[in-house]
Amino acid sequence: MNQVSAEVMVQDTLRWLERAVIGLNLCPFAKSVYVKGQVHCTVSAADDLETLRDDLLRELRDLVAHEPAVRDTTLLVVQHLLQDFYDYNDFLNVADDCLLALDLEGVIQIASFHPKYQFSGTDEDDITNYTNRSPYPTLHLIREASIDRAVAAFPDAEDIFEVNMATLNQLGLKGWQDLNVGPSLPQNDSNEKK
């Protein structure tokens, strides 16, 4: 099987960010930090969950060590692990534990994106799941203060979820596919559990 390089994964993730997240205005706050160069995108090449946890801890520390004007948010793309959405979902508990371990709860929030993302109570092929579908398993590390500032500047922040659902319903699967925001090469489909 072809394995996508870290460089290609970053390019694919930034293309998804530009065309879907910003292009469809799925996150009204994303464009500002992106155009200012404050989005850090990196790839974890971890082959086991312990190393992935260590990579996440390092990225959390690095994010808070930078001034927001330099690095406001981090996208941590997972190269080899968590291809199964349920395994990914389980790892989110580890991610929350990392926030607690570094005393960053309430300082950093971790948003989840996955190629097979599925909201509870939806069918796998429900178009609304695509609001959280990224080319690869991705952990989005966001400063809570930045969220608070963005919400204060965006009067209808609580409506974003519903607006996104309407946008995706109007776009449809064909429209999403036409955005070309998936991976450049097929991912390794092995179901290894590590």
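Which two side chains meet in a salt bridge at 3.0 Å, N to O? Asp-55 and Arg-58 do, and they open this set of close-ups. The model is a predicted one, with local features needing pLDDT of at least 70, side-chain atom pairs counted only at pLDDT 80 or more, and totals for chains, interfaces and linings using all residues. Numbering runs from 1 along each chain as its sequence is written, and side-chain values use heavy atoms, with hydrogens and water left out.

**View 1. A salt bridge within helix α3.** Asp-55 and Arg-58 both sit in α3 (residues 49–65), three residues apart, or about one turn of the helix. Helices here are DSSP runs of H or I with at least four residues, strands are runs of E with at least two, and both are numbered from the N terminus. An α-helix has 3.6 residues a turn, so residues three or four places apart point the same way. A salt bridge means a side-chain nitrogen of Lys or Arg within 4 Å of a carboxyl oxygen of Asp or Glu; by this rule there are six. Asp-55 counts as buried at 10% relative accessibility, while Arg-58 is partly exposed at 37%. For these labels, buried is under 20% relative accessible area, exposed is over 50%, and partly exposed is in between (1.4 Å probe, protein chains only).

**View 2. Arg-143 and Asp-72, a pair across the sequence.** The closest N and O atoms of this salt bridge are 4.0 Å apart. Arg-143 belongs to strand β4 and Asp-72 to the loop between α3 and β2 (73–78), so the pair ties together parts that are 71 residues apart in sequence. Both ends are tucked away: Arg-143 is buried at 10% relative accessible area, and Asp-72 is buried at 9%. Swing over to Gly-106, in the loop between α4 and β3. Its C-alpha is 8.7 Å from that of Arg-143, with the two positions 37 residues apart in sequence numbering. Gly-106 itself is exposed, at 56%.

**View 3. Asp-178 and Lys-174 in helix α6.** These side chains meet in a salt bridge at 2.8 Å, N to O. Both residues lie in α6 (residues 160–178), four residues apart, again about one turn of the helix. Lys-174 counts as exposed, at 56% relative accessibility. Back in α3, salt bridges that share partners join Asp-55, Arg-58 and Glu-59 into one network.

**View 4. Where α3 packs on α4.** The axes of α3 and α4 (residues 85–101) are 10 Å apart and make an angle of about 40°. That makes the two helices oblique (neither under 35 degrees, roughly parallel, nor over 145, roughly antiparallel, nor 65 to 115, roughly perpendicular). Axes are lines fitted to C-alpha atoms over the stretch in contact, and angles run from 0 to 180 degrees between N-to-C directions. Contact means heavy atoms within 4.5 Å. From α3, the contact residues include Leu-49, Leu-52, Arg-53 and Leu-56; from α4, they include Phe-91, Val-94 and Cys-98.

**View 5. The buried face of helix α5.** In α5 (residues 144–153), Glu-144, Ser-146, Ile-147 and Ala-150 are the buried residues. Looking down the axis of α5, they fall within an arc of 155°, so they line one face of the helix; the arc is taken from the directions from the helix axis to the C-beta atoms. Ala-152 and Ala-153, on the other side, are exposed. The cover over the buried residues includes β3 (108–113) and β4 (138–143).
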